[in-house]
Amino acid sequence: MVRHIVDTRQMKDRRFLEGLFQRADLMKDAVVNNRPVRKHEGRIVASFFYQPSTRTKMTFDAATKRLGADVVGTENAKEFSSAFKGETLEHSLLAVQECFDLVVMRHDKNGAAKRAAAILKVPFVNAGDGTNQHPTQALLDLYTIREFFGRVDGLKIAFVGDISQGRTIKSLAYLLAQLDGNELYFVAPKELGLPEDMRDHLKEKSVVFHETSDMDPVIPIVDVLYVTRLQWEYVMDEAQKNLLMENYRRFQITAAIADKMKENSIIMHPLPINTEKSDGWPEITPEVDSHARAHYFRQSNNGLYVRMALLDILLTGEADPLYSLILGVP
Ligand code: NCD
């Protein structure tokens with residue numbers, strides 16, 4: 001049976017996560033020491049990006065090439081593919097799927113990943129669908145946590161920022177909820193707080209979690225401060241956008257705030273950080289980039305190794321013992 005990666009709820013099996021991370025360790029070791037891993041020569045990966053991306057697209061493409069496979073695709077599929085002419089997603093995929101051994105796709109619509117996975121005969125990887133899920137980001141986030149703390153359980157993780165629209169938060173929170181004893185904090189302006197479906201899911205999983213608009217008491221007690229930008233591109237109403245941007249300023253992480261964190265704690269961010277150009281206000285000030293607790297560039301680069309490991313499993317298929325541990329799409 002062909003396996004797809006659409007949602008982090010498919011990764012409930014600890015053996016899969018541990019196996020994936022050990023594989024990512026091997027990939028990292030090979031890349032850092034300049035040893036080629038050309039296991040998949042002759043294979044072709046499709047890369048459909050209907051929404052902008054820097055890190056995700058580059059690390060997927062680089063991961064594919066480092067594995068010896070080729071990548072074919074369009075990074076502006078909304079304008080440069082037949083989607084521009086009004087073709088449905090299903091038709092675009094069905095028309096070309098035999099060209100590829102695996103499909104990677106980012107789309108602006110929630111649920112687009114599930115639609116793609118429902119029709120594809122080759123493995124599919126969701127590189128982000130609207131405000132819904134971004135499972136490979138959550139995997140590289142968890143890998144980064146494991147690399148620093150040596151474990152993925154029993155940690156206090158605070159998500160700060162746009163909880164309601166951030167797909168990275170949802171994906172990582174669901175992944176952490178499947179592990180043991182992680183305590184989650186959701187820190188956001190009221191308008192961007194925990195959506196009902198996430199609250200219900202976390203309750204159902206009996207996860208200990210807290211919701212607050214007060215950042216100060218949370219800063220000194222958490223192991224991980226996971227900051228996200230305001231997802232302003234999803235807010236169509238100008239007045240609402242201005243109001244959110246105004247409220248968002250209270251949640252800015254400065255070096256003084258980073259200093260108040262525990263000794264053994266880290267700041268993560270899926271990136272990009274908003275700037276004035278992107279209609280916002282930086283949720284992390286530039287001086288934090290060189291702070292000892294800032295781990296977001298290591299986190300982003302880890303995307304290469306985790307995606308290499310994941311593509312390796314999916315391109316190997318049934319012959320890989322980890323392949324069958326990927327559960328069905330919920
Ligand atoms: C994130 C995304 O696209 O969801 N970026 C990424 O893939 N690293 C976060 C964001 O855009 O805010």
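The largest pocket in this predicted model has a volume of about 550 Å³. Its lining comprises 25 residues, and those closest to its centre are Pro52, Arg106, Arg229, Glu233 and Pro272. Two elements, H2 and H7, give two or more residues to this lining. Sorted by class, the lining of the largest pocket has seven nonpolar, 13 polar and five charged residues.

What takes up this space? The ligand does: the space it takes is the largest pocket. The shell around the ligand consists of Arg55, Thr56, Arg106, His134, Gln137, Arg167, Thr168, Arg229, Gln231, Pro270, Leu271 and Pro272. Each of these residues has a heavy atom within 4 Å of the ligand. Helix H2 spans 55-66 and helix H7 spans 167-177; each supplies at least two residues of the shell. By class, the shell has three nonpolar, five polar and four charged residues. The arginines Arg55, Arg106, Arg167 and Arg229 are in the shell. So are the prolines Pro270 and Pro272, with Leu271 between them in the numbering.

Now look at the polar contacts. Start with arginine 229, where a side-chain N or O atom is 2.6 Å from an oxygen atom of the ligand. Then turn to the backbone. At proline 270, a backbone N or O atom lies 2.9 Å from a nitrogen atom of the ligand. At leucine 271, a polar backbone atom is 3.0 Å from a ligand nitrogen. How much of the ligand does the protein bury? Taken alone, the ligand exposes 320 Å², and the protein buries 93% of that.

Next comes the enclosed space. A search of the whole structure finds one cavity of 30 Å³ or more. The largest cavity has a volume of about 60 Å³. Its lining is made of Arg55, Thr56, Thr59, Gln137, Leu140, His269, Pro270, Gln299, Ser300 and Arg307. Three helices each supply at least two residues of this lining: H2, H6 (135-149) and H11 (296-316). By class, the lining of the cavity divides into two nonpolar, six polar and two charged residues.

Which residues belong both to the ligand shell and to the cavity lining? Arg55, Thr56, Gln137 and Pro270 appear in both. Pro270 is also a residue with a backbone N or O atom 2.9 Å from a ligand nitrogen. Helix H2 has a part in each setting as well. H2 supplies at least two residues of the ligand shell, gives two or more to the pocket lining, and supplies at least two to the cavity lining.

Technical notes: Residues numbered from 1 in each chain as written. Predicted model: local features only at pLDDT ≥ 70, side-chain atom pairs only at ≥ 80, totals over all residues. Heavy atoms only, no water. Polar contact = N/O pair within 3.5 Å; in protein donor to acceptor, adjacent residues only side chain to side chain. Areas by Shrake-Rupley, 256 points an atom, 1.4 Å probe, with all protein chains shown as cover. 1 Å grid on protein atoms, 1.4 Å probe; cavity = no way out; pocket = protein on both sides within 12 Å on 5 of 7 lines; lining within 4 Å. Sits in = over half its atoms within 2 Å of the grid points. Helix = DSSP H or I, 4+ residues; strand = E, 2+ residues; numbered from the N terminus. Nonpolar A, V, L, I, M, F, W, Y, C, P; charged D, E, K, R; others polar. Points joined across faces, edges and corners; volume = space filled by probe spheres on them.
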